[in-house]
Amino acid sequence: MTRLYSWEGLLFATFVIIFAFNAAFTPDFLGLSNQINLFQLSIEKIILALVMTFIIINAEIDLSVGSMMGLSACAFGYLYQIGTPAPAAIAICLTAGVLGGFLNGWFIARLGLPSLVVTLATLIGFRGLARVMLEDRGIGDFPEWFNALGQKGLIGPLPFALLAFALLFALLYVLLERSGFGRKTYVIGSNRDVADFAGIDTARHKIVLFTLSGLTSAFAGLLFAARVGAVRGDVGSGFELDVITIVLLGGVSIFGGKGTLVGTLLSILIVLNLRNGMGLMNITGHIQTGVIGLLLIASVVIPRIKFATSRGSKPEATS
Amino acid sequence: MALLTRLSPAALRLLALLAVLALVLIFFSTQIEGYLNGRLFNRISSSVAIMALIATGQTLVILTRNIDLSVGSVVGFSAFATGSLISNHPDLNPLILLLYAAAVGTGFGMLNGVLVAYARIPSIIVTLASMALFRSALVEYSNAKSITSESLPAWLTDFPNMPVFSLGAMEFRAGFTASLVVVLIVHFALTRLRPARQFFAVGSNPEAAEMAGIDAHRTIFAAFALSGLMAGLAGFMFLARFGNITVVAGLGFELKSVASSVVGGVNIFGGSGSVIGAFLGAILVDLLETSLVRWAVVSEFWREAVLGALILLAVTTDTLFSRRLAALGARKSKESAK
């Protein structure tokens, strides 16, 4: 546990340095509107990162989140265009998320297929369905209240999406740290066989997690539609890699069993502030992603150097 | 059943893949007029020429229980770097240009290899990061310019379409033939040469491989270096085929190469699979995409949805089939013990 605490300490220190740097060199950085904007611009990714934390702690991976986002956003656009009332369309999209997530979970848990391959297939498949619906069109002109939900403050200046993120974080934190469900997530992630022998229904647990991931992705897709006010076939494309990077940088082990939501939250703060700071320094998106990539490698190498003496050699393996 | 026991599971898997390919061809030939002709072969062979190389490298990496998500970025970088070299020095010897593309790719692959094999960072993390890093290196290097086909010498852009030989209406062009030769060489090495067998040994049981005196670290390093080499060569082919290269060249190739390998029967947990399988997988993926675009019954936008379903189907049947086979084998050895 000391390692975890020190890792989070290191993340926190990194965050403070970046934050101080931004605050010192950019006059408007500390303003409330910039701080809200900071979150708002990546709100879908950081919401997805919360559920991805559970999935990776469980020693699985979900590559399909970005595509499910796109599917949900496009389904909303399509349904709205053919005259479905917006609330009904929202309900259908969320149901699609549940079904898609369940499909992933069923193949992974009941058939025992690797999540890397199953969700790679649905990454392509869900994206395909999104494109089937919208082809190469873009759809906008959503109802006023729907767009306002994504763009305007709901309570004071705080937009709905940010409040949803905070609420979801609180709920998931309690679920992971204070509930049996959370303990099971860790146990299954560190050793599935032991969990099976201990009488845990590991397959059902995994299905629940992937269903939750699908539902959250669908929700994130709707948030995107409301925030941007229009949808296209490529909504959320490539998000999965950013989301996974955030979670791994937060100290969640790709082998499962280790990691915390606080780590993920700190990682979110670091990535958002770093991108914001680099953006203000006119560094382009591709280079920003490269810097995040370097950070990701550093996040694995640094603890190795520090703890090299206490660690034995381990054979290579990936999930 | 007699056939089932006589053929190895791997050979059966290839036969099944060939059967699926044949079925797809027969199905679409009843749907699309003038479908089975030389043009179809040309179209698919020129795009498979690039993907087959990448999928071959990806297969080597997957055999050792790893994954290489950086191949798309390596293809992009290699295509761009090779293109800018030849446009600045138009009289350069073609062989040197090819070696340059190979060296660029191998360099990137070795970087991945060191981090995975010696620094022991999980490959999914290393290559996720290096995918972004190599892409940003390309953006820096390109300096917001792109390569245009006008700046390339004619021999380079003509190379992929140069006819080598024909089988009936099928014209084998230089690009595809070159790729096919590379795939066959790697296949021969993997099935016949002792050093290449180590990829299988390390992938099926790393600890046993170590005990048998195999240097697992070196084997994994070699797999990544070779994957980089293949991606570098694919970058050369990409440049020759398209001519116009921007910073997004090769984007998404990493997932497509994993898809080709998996459809081709390469076990994602390592230790089994063949590059011929990955090659046929790449052909099947491309054939489906090309055919769906031309099929009037559904919109061309179905192609990704169908591809996703295909991958899921391939992995499901593979897993269930190999489990059945394992159970059969266990029963047999029990009976013979009695």
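How many residues of chain A are in contact with chain B, and how many of chain B with chain A? I began my notebook with that one, and I kept in mind that this is a predicted model.

**Entry 1: where the chains touch**

I looked up the contacts between the two chains and found 42 residues of chain A touching 47 residues of chain B. Next I asked which elements of chain A give two or more residues to that side, and they turned out to be α6 (115–134), α12 (239–249) and α14 (285–307). Helix α6(A) brings the largest share, 13 residues. I also sorted this side of chain A by class: 25 residues are nonpolar, twelve are polar and five are charged.

**Entry 2: confidence**

I then checked how far to trust chain A. Its average pLDDT is 88, and 94% of its residues score at least 70. One stretch deserves a friendly warning: over residues 308–319 of chain A, pLDDT stays under 50. For that stretch the model has 21 contacts beyond four places in sequence.

**Entry 3: α4 against α12 in chain A**

How do α4(A) and α12(A) lie, parallel or oblique to each other? I found that α4 (residues 65–81) packs against α12(A) at an angle of about 130°, and that the axes are 6 Å apart. An angle between 115 and 145 degrees counts as oblique, so these two helices are oblique to each other. On the α4(A) side I noted A:Val65, A:Gly66 and A:Met69 as the contact residues, and on the α12(A) side A:Phe239, A:Glu240 and A:Val243. Four of the residues in this contact are nonpolar, one is polar and one is charged.

**Entry 4: one residue of α12(A)**

I picked A:Val247, which sits in helix α12 of chain A. Is A:Val247 buried or exposed? I found 28 other C-beta atoms within 10 Å of A:Val247, and the cut-off for buried is 20 or more, so this residue is buried. Beyond its neighbours within four places in sequence, A:Val247 is in contact with A:Ala49, A:Met52, A:Thr53, A:Ile56, A:Val252 and A:Thr264. I also tried the pair A:Val247 and A:Phe76: they are 171 residues apart along the chain, and their C-alpha atoms are separated by 28 Å.

**Entry 5: α12 in chain B**

Last, I turned to α12 (residues 253–263) of chain B. This helix is mostly covered, with ten of its eleven residues buried. Among the buried ones I jotted down B:Phe253, B:Glu254, B:Lys256 and B:Val263. Just after α12(B) I came to B:Gly265, which takes a positive phi of about 90°.

Terms used:
Residues numbered from 1 in each chain as written. Chains lettered and ligands numbered in written order. Predicted model: local features only at pLDDT ≥ 70, side-chain atom pairs only at ≥ 80, totals over all residues. pLDDT = per-residue confidence, 0-100. Contact = placed C-beta atoms within 7 Å. Helix = DSSP H or I, 4+ residues; strand = E, 2+ residues; numbered from the N terminus. Nonpolar A, V, L, I, M, F, W, Y, C, P; charged D, E, K, R; others polar. Axes fitted to C-alpha atoms, helices over the stretch in contact; angles between N-to-C directions. Parallel < 35°, antiparallel > 145°, perpendicular 65-115°, else oblique. Buried ≥ 20, exposed ≤ 12 C-beta atoms within 10 Å, placed from the backbone.
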